[in-house]
Amino acid sequence: MANEEKKTPLLDQLEEGRWPSFVKEIKKAAAKNKKAEALLGQLELSYREKKVHWKHGGIVGVKGYGGGVIGRYSDVPEQFPDAAEFHTIRVNQPAGWFYTTEALRKLCDIWEKYGSGLTNFHGSTGDAILLGTDTDKLQACFDELAEAGFDLGGSGSDLRTPSCCVGPARCEFACFDTLDVCHEITMEFQNELHRPMWPYKFKIKIAGCPNDCVASIARADLSVIGTWRDEIRVNQEEVKAYAEAGFDIQGMVVDKCPKKAVKYNAETREIVIDNESCTRCMHCINEMPRALRVGKEGGATLLIGAKAPIVKSAFMSWVIIPFMEMKPPYTELKDFIRTITDWWDENGKTRERIGETIYRLGMPKFLRDTGIKPVPQMVTAPRANPYYFWYPEEVK
């Protein structure tokens, strides 16, 4: 590439400002890797022409796997031959995204050997994303990754790599062991993870408490969100300590409770919570973590159907199982996943997420076919709109 052609005036503008720029990182990689250098040139061309120059040219993969590799090809290979093939490899991430530095060095060493050296930690699915390699290097790269202890994640119409929050490893709010659940589900559904067999993608995201730090309620076909079924634990001595420190308990906690379930006595400096009315929004616990804690009887609420716009508009997930215990070996959860995915596989259309299938056919049919018992918590908007309507023969 001539020196003149290496100039990237439009990309250079993206390095300006206060925030780190992806352009800066690509330039670092380009200094020692021709694929990264070619990527810079093609990106500059895309910005200049206001046109994407990537195309899908066929299915690529490695032996024994139907997913995990995403084929990407340049539509201007004559201008940037080193970027003619720029495939992505998804690597299954550890639960909670905990790595040792040794593991990260191994991963990066392998990728610099076979690919562009560019990574994306982490993609929206959760995997470690390795960006840019050639078709003839895929198998060798995968073999070396496998030998180092890594496996591929999901892509295509299969189970995408389950992901979870850090849970009990670092968070006192965790209502169950998210890391263990994520690992168990990943190991249980290896076939569904590596071999596309469904109408479209299926994502499982696991949050340890209603704060939902993995945003499962907006992104996961199956959201597993920690909750409790007993009462919020109150330490009245710590409540007094907050008051004595000048914290505005009435204004910051009581007045902002959406269900007015928190009462505060300013004279005795004590809090009383109406747990029957509590919606588990976590606001009071987040504001006063030393005084208020989640209940002791932890488990999870299961929600179904979140997605970004594809066939229908964006969906938030809705409650399907209000409470499920999360205890090893998680048989109830595994059976539930098989039940709903079997139904979806039988009823869903191509590129239709499970939430869209339920939306199209109706929640009553989904519940009747899967044997899931209707409950009052199944609503499209919490405590407002019943989503379930009874069949005439069921009304006595």
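**Notes on a predicted model**

1. Helix 2 is a good place to start: with 5 residues, this helix gives the most to the lining of the second largest pocket. Keep in mind that what you have in front of you is a predicted model.

2. So what else sits around that pocket? The elements giving two or more residues to the lining are helix 2 (22-30), helix 3 (34-49) and strand 5 (115-121). There are 18 lining residues in the second largest pocket, and those nearest its centre are Ile-26, Leu-39, Leu-118, Thr-119 and Leu-131. The space in the pocket comes to about 510 Å³. Sorted by class, its lining has 9 nonpolar, 5 charged and 4 polar residues.

3. A word on confidence. The protein chain has an average pLDDT of 92, and 95% of the residues score at least 70. Confidence is highest in strand 10 (residues 233-234), at a mean of 98, and lowest in strand 17 (residues 385-386), at 54. Where pLDDT is low, the predicted coordinates should not be read in detail.

4. Next, have a look at the open sheet. It is formed by 5 strands in the order 7-8-9-14-15, with mixed pairing. Strand 7 (163-164) and strand 15 (318-324) are the edge strands, each pairing on one side only. Strand 14 (residues 298-304) runs antiparallel to strand 15, and 4 bridges join the two. Within strand 15, Met-324 is the residue opposite Ala-300.

5. Strand 11 (residues 262-265) makes a neat example of alternating side chains. Val-262 and Tyr-264 point to one face and are buried, whereas Lys-263 and Asn-265 point to the other face and are not buried. Strand 11 is joined by 4 bridges to strand 12 (residues 270-273), and the two run antiparallel. Tyr-264 has Ile-271 of strand 12 as its bridge partner. Between the strands of this hairpin there are 4 residues, and Arg-269 takes a positive phi near 60°.

6. Which residues line the largest cavity? The list is Ile-232, Cys-257, Pro-258, Lys-259, Ala-261, Val-262, Ile-273, Cys-278, Thr-279, Arg-280, Cys-281 and Cys-284. Val-262 is thus a link back to point 5, as a residue of strand 11 that is buried and also lines this cavity. By class, the lining divides into 9 nonpolar, 2 charged and 1 polar.

7. How many cavities of 30 Å³ or more does the structure hold? There is 1. As for volume, the largest cavity has about 100 Å³.

Technical notes: Residues numbered from 1 in each chain as written. Predicted model: local features only at pLDDT ≥ 70, side-chain atom pairs only at ≥ 80, totals over all residues. Heavy atoms only, no water. 1 Å grid on protein atoms, 1.4 Å probe; cavity = no way out; pocket = protein on both sides within 12 Å on 5 of 7 lines; lining within 4 Å. Points joined across faces, edges and corners; volume = space filled by probe spheres on them. Nonpolar A, V, L, I, M, F, W, Y, C, P; charged D, E, K, R; others polar. Pairing = 2+ DSSP bridges. pLDDT = per-residue confidence, 0-100. Buried < 20%, exposed > 50% of the residue type's maximum accessible area, 1.4 Å probe, protein only.
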